[in-house]
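Could you walk me through this protein? I'd like to begin with the overall layout and then zoom in on a few residues.

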Amino acid sequence: MSTLKDVKVGSTVTVKKIAGEGPVKRRIMDMGITRGVQVYVRKVAPLGDPVEVTVRGYELSIRKADAEIIEVE
């Protein structure tokens with residue numbers, strides 16, 4: 001299964017599952033990343049952390065550790 005961390009810049013993917021538990025999963029969902037939503041990867045920082053994405057019409061930066069638990073297709 002592919003994660004948001006592995007997606008190339010310029011790609012649009014659909015969130016399939018958020019694998020985290022408790023407050024981490026809740027925080028990601030509160031940012032608008034839920035199952036079925038499309039995510040466009042805008043850019044990745046030079047060292048790979050954070051990842052800048054567009055979700056539901058707004059820009060969002062996600063830590064690499066958080067991007068690892070977001071499964072996409």
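In what order do the six strands form the open sheet? Before the answer, keep in mind that this is a predicted model. The order across the sheet is β1-β6-β2-β3-β4-β5, and the pairing is antiparallel. At the edges you'll find β1 (2-3) and β5, and each has a single partner strand, so one side of each is left without a neighbour in the sheet.

That order isn't how the chain itself runs. Reading from the N terminus, the elements go β-β-α-β-β-β-α-β, which adds up to two helices and six strands. The radius of gyration is 11 Å, close to the 11 Å that the globule rule gives for 73 residues, so the protein is as compact as a globular protein of that length. If you drew a box around the C-alpha atoms along the principal axes, it would be roughly 30 × 25 × 20 Å.

A few overall figures help here. Of the 73 residues, 37% count as buried. The accessible surface comes to about 4500 Å², and 50% of that belongs to carbon and sulfur atoms. Now take the contacts between residues at least 6 apart in sequence: 56% of them join residues at least 24 apart.

Let's go along the sheet, starting at β2. Strands β2 and β3 pair in the antiparallel sense over three bridges, and here Thr-12 stands opposite Tyr-40 in β3. Next come β3 and β4, antiparallel again, with five bridges. Tyr-40 turns up here too, with Thr-54 in β4 as its bridge partner. So much for Tyr-40; Val-41 stands opposite Val-53 in β4. The two strands β3 and β4 form a hairpin with six residues between them, and in the turn Gly-48 has a positive phi of about 90 degrees.

The next pair along is β4 and β5, which are antiparallel over five bridges. In this pair, Val-53 stands opposite Leu-60 in β5. These strands also form a hairpin, this time with two residues between them. Have a look at Arg-56 in that turn: its phi is near 50 degrees, a positive value in a residue other than glycine. Arg-56 sits in the loop between β4 and β5, and its relative accessibility of 53% is over the 50% cut-off, so Arg-56 counts as exposed.

What about the inside? The largest nonpolar core has 20 residues, and Leu-4, Ile-33, Val-39, Val-53 and Ile-70 are the ones that touch the most other members. The elements that give two or more residues to this core are β2 (12-18), β3 (38-44), β4 (51-55), β5 (58-62) and β6 (70-72).

Val-53 is a good one to follow. Leaving out residues up to four places away in sequence, Val-53 touches Leu-4, Val-39, Tyr-40, Val-41, Arg-42, Tyr-58, Glu-59, Leu-60 and Ile-62. Among these are Val-41, its opposite number in the pairing of β3 with β4, and Leu-60, which it faces in β5.

Now step to Glu-52, which is also found in strand β4. Is Glu-52 buried or exposed? With 17% relative accessibility, under the 20% cut-off, Glu-52 counts as buried. Setting aside neighbours within four places in sequence, Glu-52 is in contact with Tyr-40, Val-41, Arg-42, Lys-43, Glu-59, Leu-60 and Ser-61. As a general point, side chains in a regular strand alternate between the two faces of the sheet.

One last stop is Ala-67, in helix α2 (residues 64-67). At 0% relative accessibility, Ala-67 counts as buried. Which residues does Ala-67 contact, leaving aside neighbours within four places in sequence? They are Thr-3, Leu-4, Lys-5 and Ile-62. Leu-4 is one of the core residues that touch the most other members, and Leu-4 is also on the list of residues that Val-53 touches. Ala-67 is 49 residues from Ile-18 in sequence, yet 9.4 Å separates the two in space, C-alpha to C-alpha.

Note on methods:
Residues numbered from 1 in each chain as written. Predicted model: local features only at pLDDT ≥ 70, side-chain atom pairs only at ≥ 80, totals over all residues. Heavy atoms only, no water. Core = buried A, V, L, I, M, F, W, Y, C linked by side-chain atoms within 4.5 Å. Buried < 20%, exposed > 50% of the residue type's maximum accessible area, 1.4 Å probe, protein only. Helix = DSSP H or I, 4+ residues; strand = E, 2+ residues; numbered from the N terminus. Contact = heavy atoms within 4.5 Å. Pairing = 2+ DSSP bridges. Rg over C-alpha atoms; globule rule 2.2 N^0.38 Å. Areas by Shrake-Rupley, 256 points an atom, 1.4 Å probe, with all protein chains shown as cover.
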